[in-house]
Amino acid sequence: MSEILYNRVALIGLGLIAGSMSLAMRRAGVVGEITGYARSPETRDTAREINLVDRVCDTAADAVKDADLIVLAVPVGAMGAVMAEIAPALKAGALVTDVGSVKKSIFEAVTPLLPHDVSFVGTHPMAGTEHSGPRAGFAELFDGRWCLIVPPDSANEADVVALERFWRALGATTERMDMDHHDLVCAVVSHTPHLIAYTMVGVADDLSRVTDQEVIKFSAAGFRDFTRIAASDPTMWRDVFLENKDATLEILGRFTEELFALQRAIRQGDGEHLYDYFTRTRTIRRGIIEAGQDTDAPDFGRAKKTE
Ligand SMILES: NC(=O)C1=CN([C@@H]2O[C@H](COP(=O)(O)OP(=O)(O)OC[C@H]3O[C@@H](n4cnc5c(N)ncnc54)[C@H](O)[C@@H]3O)[C@@H](O)[C@H]2O)C=CC1
Ligand SMILES: O=C(O)C(=O)Cc1ccc(O)cc1
């Protein structure tokens, strides 16, 4: 018998992440009842049809009433509005968390709206797919993946430890991180790469008009990976860039500087520059493999098992 970690969990937003959390919670048997709410009636109907949570509510207030843990799983830019909607209905002693891809702006939007007897600790599962919506979730999404736990300075240690246990029960490996550092790390490993993929697919689409669709027909594996990433939800990613503006612009600035240097090397026929650069990046990939992460394996990016 698994230990019940929270008697009642409310999921606000019923898409890929909330749906996967519900299925993983059921698999782990660590929660009494799971309630859910999404803004659109169609999403709520689908969630009922596929029995995604134990009880789908027609208002956010109903979903969070009596909940011990409330998970905000909506696009980053909607977190503040959702918090304002649920604040009056939260029970004393409840813990609010979020799963957004950006941490500082969510903390700033959510915490001023918290009732004095309710706490907040942010989290970020480093797992996802290009699919979205209530049908996209699956119980195994977090298995072996990192979940970053981002407590504000004022956080209560017991809440943080409880959330770490919760995410581990859902299959993830947890690590604590400071919110500014989180936003910079994610700008490097996730946000800017998504922007580059969006750009590359946009360029190929513009070109396909002059190459008669050949860029699509002959697309090699690298380009196909770009198209998968560039198929990700537009609302979610618009919000990520608007809300992680400083870190993304910082990394994008460095990226364009390097790109210009490579562009100059190509124009000037500077093979040594190109060779040295590619040798350095190859070493980085080899380092990742030596650290136990085979980048060709389907589980690349999963946290390395320690036991
Ligand atoms: N998709 C991914 O790969 C990952 C996403 N995240 C983060 O998780 C959060 C949720 O993302 P997904 O589940 O992928 O999105 P999704 O698009 O699959 O689901 C979002 C849900 O929020 C609902 N929603 C939107 N605005 C709302 C509002 N104002 N009030 C109530 N419900 C509202 C939508 O109806 C939908 O049910 C985002 O903040 C995202 O940054 C985190 C890790 C990975
Ligand atoms: O599908 C992919 O390649 C991802 O990168 C998934 C992902 C998307 C957003 C996040 O905040 C975390 C993970």
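Two residues are in contact here if their C-beta atoms, placed from the backbone, lie within 7 Å. This is a predicted model, in which local features need pLDDT of at least 70 and side-chain atom pairs count only at pLDDT 80 or more, while totals for chains, interfaces and linings use all residues. Residues are numbered from 1 along each chain as its sequence is written, and chains are lettered from A and ligands numbered from 1 in the order in which they are written.

**Exercise 1. Find what I12 touches, and place I12 in the nonpolar core.**

Step 1. Leave out residues up to four places away in sequence; I12 then touches Y37, A60, A63, I70, V71, L72, A73, V74, V82 and I86.

Step 2. Recall the terms: a residue is buried if 20 or more other C-beta atoms lie within 10 Å of its own, exposed if 12 or fewer, and partly exposed in between, with C-beta atoms placed from the backbone. A nonpolar core is a set of buried Ala, Val, Leu, Ile, Met, Phe, Trp, Tyr and Cys residues joined through C-beta atoms within 7 Å.

Step 3. The largest such core has 66 residues, and I12 is among those with the most contacts inside it, along with V9, L11, I70, V71 and L72. Helix 1 gives the most to this core, with 6 residues. Helices (H or I, at least four residues) and strands (E, at least two) are DSSP runs, numbered from the N terminus.

**Exercise 2. Decide whether L52 is buried or exposed, and describe its surroundings.**

Step 1. Locate L52: it is in the loop between helix 2 (41–49) and strand 3 (55–56).

Step 2. Count neighbours: L52 has 25 C-beta neighbours inside 10 Å, so it counts as buried.

Step 3. List its contacts beyond four places in sequence: L14, G19, S22, G36, A47, P134 and G137.

**Exercise 3. Work out how the two domains meet.**

Step 1. Take the bounds, which come from an automatic or database domain assignment: domain 1 is 6–177 and domain 2 is 181–269.

Step 2. Compare positions: the centres of domain 1 and domain 2, taken over C-alpha atoms, are 29 Å apart.

Step 3. Look at the shared face: 14 residues of domain 1 are in contact with 17 residues of domain 2. On the domain 1 side, helix 5 (104–110) and strand 8 (146–150) each supply at least two residues.

Step 4. Sort that side by class: it has 6 nonpolar, 5 polar and 3 charged residues. Ala, Val, Leu, Ile, Met, Phe, Trp, Tyr, Cys and Pro count as nonpolar, Asp, Glu, Lys and Arg as charged, and the others, Gly among them, as polar.

**Exercise 4. Describe the shells around ligand 1 and ligand 2.**

Step 1. Apply the cut-off: a residue is near a molecule if its C-beta atom, placed from the backbone, lies within 6 Å of it.

Step 2. For ligand 1, 30 residues qualify, the closest being G13, G15, S101, G128 and S132. Helix 1 (16–28), helix 4 (79–86) and helix 10 (234–243) give two or more residues each, and helix 1 gives the most, with 3.

Step 3. Place ligand 1: domain 1 and domain 2 both give residues to its shell, so ligand 1 lies between them.

Step 4. For ligand 2, the residues are S101, M126, A127, G128, T129, E130, S190 and I229. By class, they are 3 nonpolar, 4 polar and 1 charged.
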